[in-house]
Amino acid sequence: MPSKKNKRKRPDLRPTIHPRNKYADKPPDFTLLASLYPSFKTFVFYSRDGRPRIDWTDFNATRELTRVLLLHDHDLNWWIPDGQLCPTVPNRSNYIHWIEDLLSSDIIPKNNVNGNVVRGFDIGTGANCIYPLLGASLLGWSFVGSDITDVALEWAERNVKDNPQISELIEIRKVSSKQAPNSVEQNGESAMSDSKLDVSCNLIECREEPLSSPSFALPTDMHTNYSGPPILLGVVRDYEKFDFCMCNPPFFESMEEAGLNPKTSCGGTPEEMVCTGGEKAFINQLIEDSVILKESFRWYTSMVGRKTNLKFLTSKLREVGVTIVKTTEFIQGQTCRWGLAWSFVHPARKIISPPVAEKSILSFTLEGLQHQSSAMDVLLSVESFFLTCGASCRLNTSSFTVDIKASNDQCDTIVKNEAQGLGNKPLEYTFNSSVGDLLCFRISVFQQIPGTLLVKASLQHRDGPLSGLFSSIVQQMEEYLTSKFCRRKAKPR
Ligand SMILES: C[S@@+](CC[C@H](N)C(=O)[O-])C[C@H]1O[C@@H](n2cnc3c(N)ncnc32)[C@H](O)[C@@H]1O
């Protein structure tokens, strides 16, 4: 994690919005929207500093803002009844763009079952139906949006029908809270039945309860055992293939817990916000469903509201033997949520990160240094290379070393080469660690002969959870330093 000092100094380094988000460069302009939409104007007031504001604790104001943003920026007609969960458009768009990144990253092969149309499944689409509306209008994706409540299903349908330009792309599917896990109330078609399930896998044999009785029927541990309606199993039909599923789960175990933020009013009924066991149980069940549905989805994804749950869920994913786990952070004003993604599809490309570093010391030389660049110049560039990715750095100018601590996400940024924009093909890797894990290493710079420097990287814990990324990170740093300082390519290690 970046040190507090670094965070304060470089607040711009903390990504709050996806770069392709419509609002990344230009947040919503309340003055403009108020001038165009009189119904929105009534909610806009000007604070002493002259800035236009709305009262975020007023549900009518937040709903009207969402309505005009969807209309003005996305050509979408939209409404929800009083009290239903009201989405904020920029935040919800971040999740869509993260999925877009996962799909385009060819880590796992495309299935092409649905032609070129990307097909997604939005678990709990809500009355607002926000993800299918955004995914279809921004990217032309097709969706099944499921839900359990009559009001959500009725209003999601309305929101789809009111947008004929994309309505063909979205199916709203009812999940009955009382139905058997292997049936779904839609057009009389049966969903995936037990007889079609892959029961040959070892993981499944390890389960304590028989496969034909999924754990939602047998609540024993309130915190992980889900006792609600089906999530995917019994809702997805046996011939269906999806590129991804997404889910903004009922996060909370009670409405008291849900009513936490007095600074905003985004609505939300108990059916939308609460389930027994909260998000931990819900996503745990989603993981169990995915173990059975396996490659019916290329990517399974969910939002996670609590870091402790993210840790629990990533370990669970490791236990069930997924091929890939990816996480991301979504910063939403003062709150932070996480995106969790996993897959059972075998990676298409070589995954470069072994679980343990092969070597704990790596070095390379920088030869033919330009403009008489010194060891100090290189050392400062090492520091800025890692700071740009948000990693914590301790520079010691007397020993010519930088001590670096990088989190999962920061390693991800470095390995994918995003930070320096070198334009290389991004490298992909598995993510075998938990939130909070750090990769700690030291970079030392030595003068060898005039015009040549030796850069040495020493890993602190060779068997640490992120150590498999060490060589990729050093490789990225080497490329960066070589392109910055050398006339010739660095000498191979
Ligand atoms: C937090 S809301 C999310 C709504 C919307 N996707 C959003 O992001 O604003 C959770 C939704 O999941 C629905 N839900 C709860 N259990 C479900 C299940 N087993 N299957 C489908 N939807 C479910 C709720 O009715 C609610 O609409």
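**Entry 1: getting my bearings**

Before I write anything about loops, I need one term: helices (H or I, at least four residues) and strands (E, at least two) are DSSP runs, numbered from the N terminus. With that in hand I looked up D75, and it is found in the loop between helix 4 (59–74) and helix 5. I should also note that this is a predicted model.

Next I wanted the overall tally. The protein has 493 residues, and 42% of them count as buried. I found 16 helices and 14 strands listed for the protein. I then checked how far along the chain the contacts reach. Among contacts between residues at least 6 apart in sequence, 70% join residues at least 24 apart.

**Entry 2: back to D75, and on to F400**

Is D75 buried or exposed? It is exposed, because only 11 other C-beta atoms lie within 10 Å, and the cut-off for exposed is 12 or fewer. I also looked up the backbone angle of D75: phi is near 55 degrees, a positive value in a residue other than glycine.

F400 is on my list too. Its phi is positive, about 55 degrees, although F400 is not a glycine. I located F400 in the loop between strand 11 (392–396) and strand 12 (401–407). F400 has 18 other C-beta atoms within 10 Å, so it counts as partly exposed.

**Entry 3: the annotated residues**

I turned to the UniProt record. Which residues does its "binding site" annotation cover? The unreviewed entry gives R92, G124, D147 and N248. I picked two of them to follow up.

R92 has its place in helix 5 (residues 89–104). With 21 other C-beta atoms within 10 Å, R92 is buried, because 20 or more is the mark for that. Leaving out residues up to four places away in sequence, I see R92 touching P87, I130, Y131 and L134.

D147 is found in strand 4 (residues 142–147). It is buried as well, since 25 other C-beta atoms lie within 10 Å. Beyond its neighbours within four places in sequence, D147 is in contact with several residues, including G124, T125, G126 and V175. G124 is under the same annotation in the record. A156 is also on the contact list of D147, and I wrote that name down for later.

**Entry 4: around the ligand**

There are 24 residues around the ligand, and G124, G126, P229, N248 and E272 come nearest. Helix 6 (130–139), strand 4 and helix 11 (270–273) each give two or more residues to this shell. Which of the elements has the largest share of the shell? That is helix 11, with three residues. Sorted by class, I get 13 nonpolar, eight polar and three charged residues in the shell.

**Entry 5: the nonpolar cores**

A general point to keep in mind: in soluble globular proteins, nonpolar side chains tend to be buried together. Here the largest nonpolar core has 79 residues, and A156, L232, C245 and L286 have the most contacts inside it. Helix 12 (residues 278–293) gives the most to this core, eight residues. There's also a second, separate core of 37 residues, with I404, C411, V474 and F485 among them.

I followed L232 a bit further. Not counting residues up to four places away in sequence, L232 touches I123, C245, L286, D289 and L293.

C411 led me to helix 15 (residues 408–415). Why is helix 15 described as largely enclosed by the rest of the structure? Seven of its eight residues are buried, so that description follows. The buried ones are N408, Q410, C411, D412, T413, I414 and V415.

**Entry 6: strand 10**

In a regular strand the side chains alternate between the two faces of the sheet. I checked this in strand 10 (residues 361–367): the covered face has L362, F364 and L366, while I361, S363, T365 and E367 are on the uncovered one. Strand 10 pairs with strand 14 (residues 452–459) in the antiparallel sense, over seven bridges. Opposite L366 stands L453 in strand 14.

**Entry 7: one last look-up, L36**

L36 is found in helix 2 (residues 30–36). It has 13 C-beta neighbours inside 10 Å, so I noted L36 as partly exposed. How many residues apart in sequence are L36 and V68? They are 32 residues apart in sequence, and 9.4 Å apart in space, C-alpha to C-alpha.

Key: Residues are numbered from 1 along each chain as its sequence is written. This is a predicted model: local features need pLDDT of at least 70, side-chain atom pairs count only at pLDDT 80 or more; totals for chains, interfaces and linings use all residues. UniProt positions are given in the numbering used here, feature names are shortened, and annotations may be inferred rather than shown by experiment. Two residues are in contact if their C-beta atoms, placed from the backbone, lie within 7 Å. A residue is near a molecule or strand if its C-beta atom, placed from the backbone, lies within 6 Å of it. Ala, Val, Leu, Ile, Met, Phe, Trp, Tyr, Cys and Pro count as nonpolar, Asp, Glu, Lys and Arg as charged, and the others, Gly among them, as polar. Two strands pair if DSSP finds at least two bridges between them. A nonpolar core is a set of buried Ala, Val, Leu, Ile, Met, Phe, Trp, Tyr and Cys residues joined through C-beta atoms within 7 Å.
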